[in-house]
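The exercises below ask the reader to work through one structure step by step, with the sequence and coordinates open alongside. Each task is followed by a worked solution.

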Amino acid sequence: MITSTANQKVKRILKLQKKAKARNEEGVFLVEGIRMMREAPEDRIKELYVSESFLQKNPDMPEALKGRAETVSDPVFAHMSDTRTPQGILGVIKRSSCVMEELFAGETVPFLMVLDHVQDPGNLGTILRTAEGAGVTGVILGGDCADLYQPKVIRSTMGSIYRMRTVCVDHTIEAVRVLKAHGIHTYAAHLDDSHFYDEEDYRQPTAFLIGNEGNGLPEEICAEAEHKIKIPMHGQVESLNAAMAAGILMYEACRQRRK
């Protein structure tokens, strides 16, 4: 059992919690909580740590997990954890790799989300979770989005990080051009000179473009998009939370595709 915060494994976990560079170099991310670990693909679990009290409270812990777990004293686990109230189980998970062309290959009609400057971790994680529920086939993240693999984003996905295909790109506008070249219709969420979102046909290959929480999409990206769409607003509300707006658009496409 690990009982010291000076242990090299503990120091490494802390580094992975706090530094994107360390996570990128190893190609991993961290997850905490029994639900997230139950959903983790077994072949992607590289390491597993559990607190002493977790083992006592969870004697029915799946054997596949128990056999791979390294026990840590409660104080040390609290030191390793990124949460205020640790559940007592933490895993190091191998990332899955994907290239953009995989997002629109196959028989399924492409249904994509393209995110630019979405910087709030909770919004980003919620968008991924909602995307899975709505049947999105892939999410593209521009270079100025929040780090997909930081702990708060991972928690907000509620497990969708394992299943949602994602690609990170340096330049959003170039990704939009690639999508258009492959016959995917692009729709920029934009307030000016736009059609209402429910007036378009999303049964065709579709990509929604969502911008920053405060400033929306840059004009150069809007100009590159094939269509501009807006969500109607009443009262004095000028815009919606990025995750809320994305969810409305995704579920309109989901509704159309059910027919």
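The exercises that follow concern a predicted model, and they move from cysteines to charged pairs, surface patches and backbone angles.

**Exercise 1. Cysteines**

Determine how many disulfides the structure holds, and where the nearest cysteine sulfur lies for cysteine 145 and for cysteine 222.

Solution. The step needs one cut-off, namely that a disulfide is a pair of cysteine sulfur atoms within 2.5 Å. By this rule the count is zero disulfides. For cysteine 145, the nearest cysteine sulfur belongs to cysteine 168 and is 8.1 Å away, and cysteine 145 is accordingly in no disulfide. For cysteine 222, the nearest cysteine sulfur is that of cysteine 145, at 14 Å, and cysteine 222 is likewise in no disulfide. The next step is to classify the two residues by accessibility, where buried means under 20% relative accessible area. Cysteine 145, with a relative accessible area of 12%, is therefore buried, and cysteine 222, at 1%, also counts as buried.

**Exercise 2. Salt bridges between separate elements**

State how many salt bridges a search of the whole structure finds, and then work out which elements are tied together by the pair lysine 9 and glutamate 70 and by the pair glutamate 224 and lysine 180.

Solution. As background, side chains of opposite charge can pair when their charged atoms come close. The search of the whole structure finds 12 salt bridges. In one of these, the side chains of lysine 9 and glutamate 70 meet with an N to O distance of 2.9 Å. Because lysine 9 lies in helix H1 (residues 8-18) and glutamate 70 in strand S3 (residues 69-72), this pair ties together parts that are 61 residues apart in sequence. Lysine 9 is partly exposed, with a relative accessible area of 39%, and glutamate 70 counts as partly exposed at 28%.

The side chains of glutamate 224 and lysine 180 also meet in a salt bridge, at 3.3 Å from N to O. Since glutamate 224 is in helix H10 and lysine 180 in helix H9, the pair ties together parts that are 44 residues apart in sequence. Glutamate 224 is buried, with a relative accessible area of 19%, whereas lysine 180 is partly exposed, with a relative accessible area of 34%.

**Exercise 3. A pair within one helix, and a network**

Locate arginine 255 and glutamate 252 in the secondary structure, decide whether each is buried or partly exposed, and name the residues that are linked in a network of salt bridges.

Solution. The side chains of arginine 255 and glutamate 252 meet in a salt bridge of 2.7 Å, N to O. Both residues lie in helix H11 (residues 242-258), three residues apart, which is about one turn of the helix. Arginine 255 is partly exposed, with a relative accessible area of 31%, while glutamate 252 is buried, with a relative accessible area of 7%. The network of salt bridges links Arg35, Glu39, Glu132 and Arg163.

**Exercise 4. Charged surface patches**

Identify which residues gather in a patch of negative charge and which in a patch of positive charge, and place one member of each in the secondary structure.

Solution. On the surface, the patch of negative charge is formed by Asp192, Asp193, Glu219 and Glu220. Of these residues, glutamate 220 is found in helix H10 (residues 219-224). The patch of positive charge on the surface gathers Lys15, Lys18, Lys19 and Lys21. Lysine 19 lies in the loop between H1 and helix H2 (20-26), and is partly exposed, with a relative accessible area of 48%.

**Exercise 5. Positive phi angles**

Find where histidine 117 and methionine 158 are placed, and give the phi value of each.

Solution. The point of reference is that most residues other than glycine have a negative phi. Histidine 117, although not a glycine, has a positive phi of about 60°. Its place is in the loop between strand S5 (111-115) and helix H7 (121-134), and histidine 117 is partly exposed, with a relative accessible area of 25%. For methionine 158, phi is near 55°, again a positive value in a residue other than glycine. Methionine 158 is found in the loop between helix H8 (151-157) and S7, where the residue is partly exposed, with a relative accessible area of 29%.

Note on methods:
Residues numbered from 1 in each chain as written. Predicted model: local features only at pLDDT ≥ 70, side-chain atom pairs only at ≥ 80, totals over all residues. Heavy atoms only, no water. Patch = residues over 30% accessible without salt bridge, like charges linked within 9 Å, V, L, I, M, F, W, Y side chains within 5 Å. Areas by Shrake-Rupley, 256 points an atom, 1.4 Å probe, with all protein chains shown as cover. Salt bridge = Lys/Arg side-chain N within 4 Å of Asp/Glu carboxyl O. Lys, Arg positive; Asp, Glu negative; His and termini not counted. Charge placed at Lys NZ, Arg CZ, Asp CG, Glu CD. Helix = DSSP H or I, 4+ residues; strand = E, 2+ residues; numbered from the N terminus. Buried < 20%, exposed > 50% of the residue type's maximum accessible area, 1.4 Å probe, protein only.
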